[in-house]
Amino acid sequence: RRAGAERSYAAGDFVFRAGEPADRFVFLLGGELALWDMRTDARIGAATLGPGQFAAEIGLLTAAGIVNPVRALTATRVIETPREAVLRLMAELPE
C-alpha cells in the first residue's frame, strides 16, 4: 500500500489499453474488472477480477506493452504501484 497510490475508475473506464506500457501493478480494493476485446467492443469471457485480486501482465517485468485490455465494469477503487516500485519490492522481499 505504501509503494502505490489509490485511484478510482468509473464504470467503462479502461485500466489498461493494448499497446500502452505495462508500467503498473493494480490491486483491487473495490469494484470489478474484465478483459475487453477492442475490435468487438465486448467483454472477453465471463471471468472478472474483484476486491483482493490484482491485474498486471508479464510485461510489467520485461518492460513490454499491454496485450490484454482491461476495463472497469463497475465503479472501481484500486492501488496502483509503479513498475519501478514493484521491481524494487521484488528485489527486497523476494518471497
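This report walks through salt bridges, buried polar side chains, a surface patch and two unusual backbone angles in a predicted model.

## Ground rules

Because the model is predicted, local features need pLDDT of at least 70 and side-chain atom pairs count only at pLDDT 80 or more, while totals for chains, interfaces and linings use all residues. Residues are numbered from 1 along each chain as its sequence is written, and side-chain values use heavy atoms, with hydrogens and water left out.

## Salt bridges around R24

Let's start with the charges. Side chains of opposite charge can pair when their charged atoms come close. The structure has 8 salt bridges, each being a side-chain nitrogen of Lys or Arg within 4 Å of a carboxyl oxygen of Asp or Glu. Which residues are linked in a network of salt bridges? They are R7, D23, R24 and E80.

Within that network, R24 pairs with D23 at 2.9 Å, N to O, and with E80 at 3.4 Å, N to O. E80 sits in strand β8 and R24 in strand β3 (residues 24–30), so this pair ties together parts that are 56 residues apart in sequence. Strands here are DSSP runs of E, at least two residues long, and helices are runs of H or I with at least four, numbered from the N terminus. Both E80 and R24 are buried, with R24 at a relative accessible area of 15%. D23 is partly exposed, at 35%. The cut-offs are under 20% relative accessible area for buried, over 50% for exposed, and partly exposed in between, using a 1.4 Å probe and protein chains only.

## Strand β8 and its partners

R77 is another β8 residue with a salt bridge: its side chain meets that of E6 at 3.0 Å, N to O. That pair links distant parts of the chain, with E6 in strand β1 (residues 5–9) and R77 in strand β8, 71 residues apart. R77 is partly exposed, at 40% relative accessible area.

T76 also belongs to β8, which covers residues 76–82. Is T76 buried or exposed? It is buried, with a relative accessible area of 2%. A polar atom of the T76 side chain lies 3.3 Å from the backbone nitrogen of E32. That fits the polar contact cut-off: a pair of N or O atoms within 3.5 Å, where within protein one must be able to donate a hydrogen and the other to accept it, and residues adjacent in sequence count only if both atoms are side-chain atoms. Setting aside neighbours within four places in sequence, T76 has contacts (heavy atoms within 4.5 Å) with R7, S8, Y9, L28, G30, G31, E32 and L33.

Over in β3 there is F27, partly exposed at 30% relative accessibility. F27 and E80 are 53 residues apart in sequence, yet their C-alpha atoms are 6.5 Å apart in space. Not counting residues up to four places away in sequence, F27 touches G52, Q53, F54, R77, V78 and I79.

## A buried glutamate

E57 is in the loop between β6 (54–55) and α1 (59–62). It is buried yet has no salt bridge, and the nearest side chain of opposite charge, R24, is 10 Å away. For that search, Lys and Arg count as positive and Asp and Glu as negative, with His and the chain ends not counted.

What does the side chain of E57 reach? It reaches the backbone nitrogen of V67, at 2.9 Å. Beyond residues up to four places away in sequence, E57 touches G65, I66, V67 and N68.

## Surface patch and positive phi

On the surface, I58, L61, L87 and M90 form a nonpolar patch, with about 360 Å² of accessible area together. Patch members need over 30% relative accessible area and no salt bridge; like charges are joined within 9 Å, and nonpolar side chains (Val, Leu, Ile, Met, Phe, Trp, Tyr) within 5 Å. The areas come from the Shrake-Rupley method with a 1.4 Å probe, and for residues only the protein chains shown count as cover. M90 is part of helix α2 (residues 83–92) and is partly exposed, at 41%.

Two residues other than glycine have positive phi: D41, at about 55°, and A63, near 65°. D41 lies in the loop between β4 (33–37) and β5 (42–43) and is exposed, at 51% relative accessibility. A63 lies in the loop between α1 and β7 (70–72) and is also exposed, with a relative accessible area of 55%.
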